[in-house]
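These are my notes on the structure, set out as numbered points for a reader who is new to this kind of work. Please keep the sequence and the 3D view open while going through them.

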Amino acid sequence: MYTALTIAGSDSSGGAGIQADIKTMMAHGIYAMSAVTALTAQNTTGVADILEVTPDFLEKQLDCVFTDIFPDAVKIGMIPSASLIEVTADSLLRHRARNIVLDPVMVATSGARLTDLQAVEALKERLLPGADLVTPNIPEAEVLSGMKIKDGEDMEAAAGKIGDTYGCAVLCKGGHQLNDANDLLYRKGSFKWFKGKRIDNPNTHGTGCTLSSAIASNLARGMEMEDAVGLAKEYLSKALADMLDLGHGSGPMNHAFAVRDWRGDAANEK
């Protein structure tokens, strides 16, 4: 069975973070494992509090996974401090992790900041150079590139700068009223646009986590990068199009839109 590891924070409402990653990986037939970087008290309306794990505990989690069930791919999400980023980077290097997808989570959908400035610098210095793919949204791409992004040409310039600076592939995600459903992949000096259809669904909690986990799942199966990205976008679109409506804020999507329970019934029927 194919395996994948998610290194991220826990979302108590289940729509993003570790929970979204595991749901996505399971939907792709992947055995999912996790290393928790932080606990969050949050729901669809916002983040109430964050409790980081200690660097020593995160290192022990990672060592336990890699020395027993070696993952075919690794997805990295929210790592809220520089010290935790250092431990993560050292562990991935020591264990020779492969197929690393980095979602540089900096701000939650609700607007709450999830990483401090020292963590952003550590992310640039330690995690980006070791990643196979980084998946920033527009604001994150602006931080990583040091550029303002106003249109598609700016997306190409920023993705190229990030990729060339850190030696990784870059999926610059549309949204924020810019190329809304169109994502741009920069890899080995070339660009590929992935066109998408905008889905009129206000419930977008966890879309970034879900997309990056779907890509990691596809890479774990041995897919080429472009195929992995294309199929991941298709999965995300279908999860959004299922129009799940939970919570009082920006709600989650239905990761299990195609899953049936063990009795054969559709899992999304209530």
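1. The secondary structure of this protein consists of eight helices and nine strands, and it should be kept in mind from the start that the model is a predicted one.

2. On overall shape, the radius of gyration is 17 Å, which agrees with the value near 18 Å that a compact globule of 270 residues would have. Along the principal axes, the C-alpha atoms fill a box of roughly 50 × 45 × 40 Å.

3. On burial and surface, 53% of the 270 residues count as buried. The accessible surface of the protein comes to about 12300 Å², and carbon and sulfur atoms account for 52% of that surface.

4. On how the chain is brought together, one may take the contacts between residues at least 6 apart in sequence, and of these 69% join residues that are at least 24 apart.

5. On charge, the protein carries 25 positive and 35 negative side chains, and the centres of these two sets are 3 Å apart.

6. Helix 4, which covers residues 117-127, has a set of buried residues made up of Ala119, Val120, Ala122, Leu123, Lys124 and Leu127; the student may wish to note that a lysine, Lys124, is in this list. The elements that cover these buried residues include strand 4 (73-76), helix 3 (82-94) and strand 5 (100-102), together with helix 5 and helix 6 (152-166).

7. Is Thr135 buried or exposed? Thr135 sits in the loop between strand 6 (133-134) and helix 5 (138-145), and its relative accessible area is 0%, so it counts as buried, the cut-off for that word being under 20%.

8. Which residues surround Thr135, once its neighbours within four places in sequence are left aside? Thr135 is in contact with Val101, Leu102, Asp103 and Pro104, with Glu140, with Leu171 and Lys173, and with Ser212 and Ile215. With one of these residues, Asp103, Thr135 also shares a polar contact of 3.2 Å between the two side chains.

9. Pro139 belongs to helix 5, and its relative accessible area is 36%, so Pro139 is described as partly exposed, a term used for values between 20% and 50%. Although Pro139 and Asn182 are 43 residues apart along the chain, the separation of their C-alpha atoms is 15 Å.

How values were computed: Residues numbered from 1 in each chain as written. Predicted model: local features only at pLDDT ≥ 70, side-chain atom pairs only at ≥ 80, totals over all residues. Heavy atoms only, no water. Helix = DSSP H or I, 4+ residues; strand = E, 2+ residues; numbered from the N terminus. Buried < 20%, exposed > 50% of the residue type's maximum accessible area, 1.4 Å probe, protein only. Polar contact = N/O pair within 3.5 Å; in protein donor to acceptor, adjacent residues only side chain to side chain. Contact = heavy atoms within 4.5 Å. Rg over C-alpha atoms; globule rule 2.2 N^0.38 Å. Areas by Shrake-Rupley, 256 points an atom, 1.4 Å probe, with all protein chains shown as cover. Lys, Arg positive; Asp, Glu negative; His and termini not counted. Charge placed at Lys NZ, Arg CZ, Asp CG, Glu CD.
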